[in-house]
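Colleague: I've never read one of these models before. Could you walk me through it, step by step?

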Amino acid sequence: MTDGAVSTTVKVMVVDDHPMWRDAVARDLAEGGFEVVATAGDGPEAVRRAKAAQPQVLVLDLNLPGLSGVQVCKAVIGDNPALRVLVLSASGEHADVLEAVKSGATGYLLKSAGRDELLDAVRRTAVGDPVFTPGLAGLVLGEYRRLASDPAPAAPDEPEAPKITDRETEVLRLVAKGLSYKQIAERLVISHRTVQNHVQNTLGKLQLHNRVELVRYAIERGLDD
Amino acid sequence: MGDKSKAVRIRTRPPRVVRMSVEQPLWRALTAYRLLTLVYAIGLFAIGWDQDEYQRPWAGVAYLALLAVWTLATLGRVSSAQRCTKRFLVADISIALGGILLTPLVATHQRILEGGPTLPSIWTAGAVLAFAIKGGWRWAAVTSALVGVANVIQRGGFSRDTVHNVLLVCIASIAIGYVVEVARTSERVLARALRIEAATRERERLARDIHDGVLQVLAMVQRRGAEIGGEAEALGRMAGEQEVALRALVAAGPAPVPAPASAADDLVRTVVPLQSLDREPDAPLDMSALLASLASSGVTVSAPGTAVMLPTYAAGELVAAVRAALDNVARHAGDGAHAWILLEDEPDAVLVSVRDNGPGIPEGRLADAEKEGRLGVAQSIRGRLRDLGGTVEVVSVPGQGAEVEMRLKK
């Protein structure tokens, strides 16, 4: 990836409130052939610098002073929808991770992940391939089940909760059980690309639903005012 | 920099002590009441002296002197529940009853028949109220009954005045005793709620600070250790395991609230037995939190973001079954095997899967083992699930490890 022309070097920004950790991640990424265009230690700074530095990938800690990681995620994707966000969190705070993913983050990695895992995750995030750890798959599965068990929308114009197909459920469950895409493809006798598509779809539907909900909420508020 | 300010913040937080007492004002009021009624009793006696109503006036003077000395000497006794001992209460009421019974010997028969006051007069009510504040309405009822009996004896029969006065003391003391009991109960509940709240806040604060500091450093040690290799790698692995354990601890619900060590006063002491109410024996438990504690560098736990509640017993058994499955992985899947636990909350069932990346189970081996009657770990998993009314499925795909799927109907 990094051997190509200069224009293909992926521009990355690292956001973490812990200086030691931030520097270590930035160094690893630089050594791994990425261009670290900016770093930030708190929420508002992250939003400002992301606007100025225009990175392609944002490596984001969720627990930030000033503005939460979820809010940063919403803000930067609002500014630049092409920006990919990879959540790198030590906390395992489920609700936050899910919220970040629904508002546009396409990957989630625990901080205990190794250096190579991180580099691989950033690489995949850069090309738009979601980074699904087993933990995230479990959360997303749970979220679809929660949406499905919620009572049906009362108003007819209310958007229907996103549904997950049986095959997508099957794929997510296997991801959550730690199987690689290759192993899943073998087991289900489908192509690697199809596995990727299924995973991407599950995430895309959640994010779309989230956006529709936000717009609807905004319109309702606007009409009420 | 940031670390230093954090350390300071931890040290400077003062312990929160919240103490609101309904009882204390009552004790203060009682102290004042005893003093005022002493003066009143002496005044009443003096008025009677002027009108020459006493057959043995000096006995009356002696009694009132004793009453004055006693009241002043024991003023501090009615300042709190601890100092107001049972011995004091008994002595106090004895003096009051003695004074009532002494009245016919001091006063003229005429004065008694006219409904003249007893020697201690309304000072008696102070002794009854002390019982009420100390022990609640039952003690108050018993003491006021005693005072009633003494009054009837003093008067030599029932009269409207006597019954009226006795009833007043009775109702007032019982009402105050009841109010004190209610106040004590609400104070206990409030104190407990405050402690739970404080404990939760403390946990959240710890969670934030630990997150910022210790977890990051541990994760960092793990990461660098793995890169350096050798001895550092083992250190890193240990750091990683501690990081996971700590994260699970921080994410778990509030710990049982410990009773304060210095349970010096009544209020706090009575809270201790209530501890058992904090967790009912069969209250539901969150499977997510229970399973999260099993995570380690070799075990990944995935769960929905919401709590998955199961009754205590079922949750305990299911966790035990998962532990058995993990033991099985450790035994059969070889060194460096990894296990994944997946918790799923379906509308009608809870699903827990444990998968490893070991060589898997050779075809027919499970069936063979079953035939020979030795199933070991698999047996204990099946047994537990069967007892709970659940099912177990063991799947092994060549090259993809073994998988135990436990399903428990809700």
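Here we talk through confidence, then the contact between chains, then a hairpin.

Modeller: Keep in mind that this is a predicted model. Its overall scores are ipTM 0.82 and pTM 0.59.

Colleague: What is the mean pLDDT of chain B?

Modeller: The mean is 79, and 81% of the residues of chain B reach 70 or more. Element by element, β4(B) has the highest mean, 93, while helix α10 of chain B, residues 266-269, has the lowest, 36.

Colleague: Where in chain B is the pLDDT below 50?

Modeller: Here's the general idea: where pLDDT is low, don't read the predicted coordinates in detail. In chain B, residues 1-18 are below 50, and beyond near neighbours in sequence this stretch has seven contacts in the model. Residues 253-279 of chain B also stay under 50, with 33 contacts beyond four places in sequence.

Colleague: Now the contact between the chains. How many residues does each chain give?

Modeller: People often give an interface's size as the accessible area lost when the parts come together. Here we can count residues: 34 from chain A and 33 from chain B. On the chain B side, α8(B) gives the most, with 10 residues. That side splits into 11 nonpolar, 12 polar and 10 charged residues.

Colleague: And the hairpin: which way do strands β6 and β7 of chain B run, parallel or antiparallel?

Modeller: Antiparallel, with six bridges joining β6(B), residues 391-396, to β7(B), residues 402-409. Look for Val395(B), which sits opposite Glu403(B) in β7(B). Five residues lie between the strands, and in this hairpin Gly399(B) has a positive phi near 80 degrees.

How values were computed: Residues are numbered from 1 along each chain as its sequence is written. Chains are lettered from A and ligands numbered from 1 in the order in which they are written. This is a predicted model: local features need pLDDT of at least 70, side-chain atom pairs count only at pLDDT 80 or more; totals for chains, interfaces and linings use all residues. Two residues are in contact if their C-beta atoms, placed from the backbone, lie within 7 Å. Helices (H or I, at least four residues) and strands (E, at least two) are DSSP runs, numbered from the N terminus. Ala, Val, Leu, Ile, Met, Phe, Trp, Tyr, Cys and Pro count as nonpolar, Asp, Glu, Lys and Arg as charged, and the others, Gly among them, as polar. pLDDT is the predictor's confidence in each residue, from 0 to 100. Two strands pair if DSSP finds at least two bridges between them.
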